[in-house]
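Please take a moment with the sequence and the fold before reading on. The paragraphs below go through the chain by way of its aromatic pairs and its charged pairs.

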Amino acid sequence: MDGLQLIQKIAKNNNIKFNNILMDAPYKLEVAEEIINLVNKYDLLYNNGILVLEYSTDKLKDNYNNLTLIKSKKYNDKYVNIYHKVID
């Protein structure tokens, strides 16, 4: 089961939320933005939750709705972004 399938399966039980989500997306599929959008759509993170995403595409945006980039690091041809969820 890949990350997208897992998110959709978890989303069916809308009472599930996480403090932290670590996603190592399939590099060749370039689904990093889709994963971020699904995490937002299904509200899978608690307020102040952290999403860590490893990917290989070009730079992702700094903000996705209530997810704000707090750290980004490049390792050879891979990237790791850390997003923080904040609801005012």
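**Tyrosine pairs and salt bridges**

Tyrosine 64 is buried, with a relative accessible area of 3%. Its partner in an aromatic pair is tyrosine 83, and because the ring centres lie 5.8 Å apart with the planes at 75°, the pair is classed as edge-to-face. The two tyrosines link distant parts of the chain, since tyrosine 64 belongs to strand 3 (residues 63–64) and tyrosine 83 to strand 5, 19 residues apart. Tyrosine 83 is likewise buried, with a relative accessible area of 0%. These statements, like those that follow, describe a predicted model.

A search of the whole structure gives 2 aromatic pairs. In the pair of tyrosine 55 and tyrosine 79, the ring centres are 5.2 Å apart and the planes meet at 15°, so this pair counts as stacked. Tyrosine 55 lies in strand 2 and tyrosine 79 in strand 5, so the pair ties together parts of the chain that are 24 residues apart in sequence. With a relative accessible area of 2%, tyrosine 55 is buried; tyrosine 79, at 19%, also counts as buried, because the cut-off for that class is under 20%.

The chain that carries these rings has 2 helices and 5 strands, and from the N terminus on its elements follow the order α-β-α-β-β-β-β. Of its 88 residues, 36% count as buried. Among the contacts between residues at least 6 apart in sequence, 60% join residues at least 24 apart. The chain exposes about 5,800 Å², of which carbon and sulfur atoms supply 47%.

The charged side chains come next. Side chains of opposite charge can pair when their charged atoms come close. How many salt bridges does the structure hold? There are 3 salt bridges. One of them joins the side chains of lysine 17 and aspartate 43, with an N to O distance of 2.7 Å. Lysine 17 sits in the loop between helix 1 (3–11) and strand 1 (18–24), and aspartate 43 in the loop between helix 2 (32–41) and strand 2 (45–55), so this salt bridge ties together parts that are 26 residues apart in sequence. Lysine 17 counts as partly exposed at 30% relative accessibility, and aspartate 43 is partly exposed as well, with a relative accessible area of 29%.

Aspartate 43 also forms a salt bridge with lysine 85, in which the closest N and O atoms are 2.4 Å apart. This pair, too, links distant parts of the chain, for aspartate 43 is in the loop between helix 2 and strand 2 while lysine 85 is in strand 5 (residues 78–85), 42 residues apart. Whereas aspartate 43 is partly exposed, lysine 85 counts as buried, at 3% relative accessibility. Taken together, Lys17, Asp43 and Lys85 are linked in a network of salt bridges.

Another salt bridge is formed by the side chains of aspartate 77 and lysine 78, at 3.1 Å from N to O.

Strand 5 therefore recurs in this account: tyrosine 79 in that strand pairs with tyrosine 55 of strand 2, tyrosine 83 in strand 5 pairs with tyrosine 64 of strand 3, and lysine 85 in strand 5 is paired with aspartate 43 in the loop between helix 2 and strand 2.

Conventions:
Residues are numbered from 1 along each chain as its sequence is written. This is a predicted model: local features need pLDDT of at least 70, side-chain atom pairs count only at pLDDT 80 or more; totals for chains, interfaces and linings use all residues. Side-chain values use heavy atoms; hydrogens and water are left out. A salt bridge is a side-chain nitrogen of Lys or Arg within 4 Å of a carboxyl oxygen of Asp or Glu. Helices (H or I, at least four residues) and strands (E, at least two) are DSSP runs, numbered from the N terminus. Buried means under 20% relative accessible area, exposed over 50%, partly exposed in between (1.4 Å probe, protein chains only). Rings of Phe, Tyr and Trp (its six-membered ring) pair if their centres lie within 6.5 Å; planes under 30 degrees apart count as stacked, over 60 as edge-to-face and the rest as tilted. Contact means heavy atoms within 4.5 Å. Accessible areas come from the Shrake-Rupley method with a 1.4 Å probe; for residues, only the protein chains shown count as cover.
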